[in-house]
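Colleague: I am new to this structure and would like a close look at a single part. Please choose one, describe it slowly, and explain each term as it comes up.

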Amino acid sequence: MKIRIELNRENCISCQACAFSDPEDFEMSAEDGKSTLKEGTENNGTMTKEIEANDDRKEKAVTAAKGCPVSIIKVYNAENNEQIAP
Ligand code: SF4
């Protein structure tokens, strides 16, 4: 399925949990130490990316969203805009 990941990086507290649970999608910025979405686009502090995800890939993104202590990661079904996590 196609999923969309959104990251409001402005409020990131740099705990690295997302980069640990979903290293294919998240990495810590060398510039400001906050999380960034690999190959994501940024608009007003929010990063977005869409990927074609198998179950494993989707679960990693969902785990990242559920594990973020400040709830700034969201995962949507990109086909119907239904929020999958958190
Ligand atoms: S889990 Fe949340 S707070 Fe922690 S680094 Fe990732 S986006 Fe930032």
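Modeller: What follows is a close look at the sheet, and then at what lies around it.

The model is predicted, and for that reason local features are given only where pLDDT is at least 70 and side-chain atom pairs only at pLDDT 80 or more, while totals for chains, interfaces and linings use all residues. Residues are numbered from 1 along each chain as its sequence is written.

The sheet is open and has five strands in the order E4-E5-E1-E6-E7, paired in the antiparallel sense. Strands (E, at least two residues) and helices (H or I, at least four) are DSSP runs numbered from the N terminus, and two strands pair if DSSP finds at least two bridges between them. Strand E4 (41-43) and E7 stand at the edges, where each has a single partner strand, so one side of each has no neighbour in the sheet. From one strand to the next the twist averages 30°, with axes taken as lines fitted to C-alpha atoms (for helices over the stretch in contact) and angles running from 0 to 180 degrees between N-to-C directions.

Strand E1 (residues 2-8) is a good place to begin, with E5 on one side and E6 on the other in the strand order. Seven bridges join E1 to E5, the two running antiparallel, and across this pairing Arg4 stands opposite Glu50 in E5. Five bridges link E1 to strand E6 (residues 73-77), again in the antiparallel sense; here Glu6 has Lys74 as its bridge partner, and Ile5 stands opposite Val75. In a regular strand the side chains alternate between the two faces of the sheet. In E1, the covered face holds Ile3, Ile5 and Leu7, and the uncovered face holds Lys2, Arg4, Glu6 and Asn8.

Moving on to the edge, E6 pairs with strand E7 (residues 83-85) over two bridges, also antiparallel, with Tyr76 bridged to Gln83 and Val75 bridged to Ala85. The hairpin of E6 and E7 has five residues between the strands, and among them Asn81 takes a positive phi near 65°. Most residues other than glycine have a negative phi, and most peptide bonds are trans. The bond from Ala85 to Pro86, however, is cis, with omega near 0°, and Pro86 lies in the segment after E7.

Helix H2 (residues 55-67) lies across E1, strand E5 (46-52), E6 and E7, and runs at about 145° to E6. Leaving aside neighbours within four places in sequence, Ala64 is in contact (C-beta atoms, placed from the backbone, within 7 Å) with residues including Phe26 and Ile73.

The largest nonpolar core has 18 residues, and those with the most contacts inside it are Ile5, Ala61, Ala64, Ala65 and Ile73. Such a core is a set of buried Ala, Val, Leu, Ile, Met, Phe, Trp, Tyr and Cys residues joined through C-beta atoms within 7 Å; a residue is buried if 20 or more other C-beta atoms, placed from the backbone, lie within 10 Å of its own, exposed if 12 or fewer, and partly exposed in between. E1, E5, H2 and E6 are the elements that give two or more residues to this core, and the largest share, four residues, comes from H2. In soluble globular proteins, nonpolar side chains tend to be buried together.

Beyond E1 in the sequence, Cys15 lies in the loop between E1 and helix H1 (17-21). Cys15 counts as partly exposed because 14 other C-beta atoms lie within 10 Å, and its C-alpha is 22 Å from that of Arg4, although the two are 11 residues apart in sequence. Gln16, found in the same loop between E1 and H1, has a positive phi of about 75° although it is not a glycine.

Cys15 is also one of the closest residues to the ligand, along with Cys12, Cys18, Ser35 and Cys68, in a shell of 13 residues, where a residue is near if its C-beta atom, placed from the backbone, lies within 6 Å. This shell divides into 10 nonpolar, three polar and no charged residues, with Ala, Val, Leu, Ile, Met, Phe, Trp, Tyr, Cys and Pro counted as nonpolar, Asp, Glu, Lys and Arg as charged, and the others, Gly among them, as polar.

Definitions and conventions. Two residues are in contact if their C-beta atoms, placed from the backbone, lie within 7 Å.
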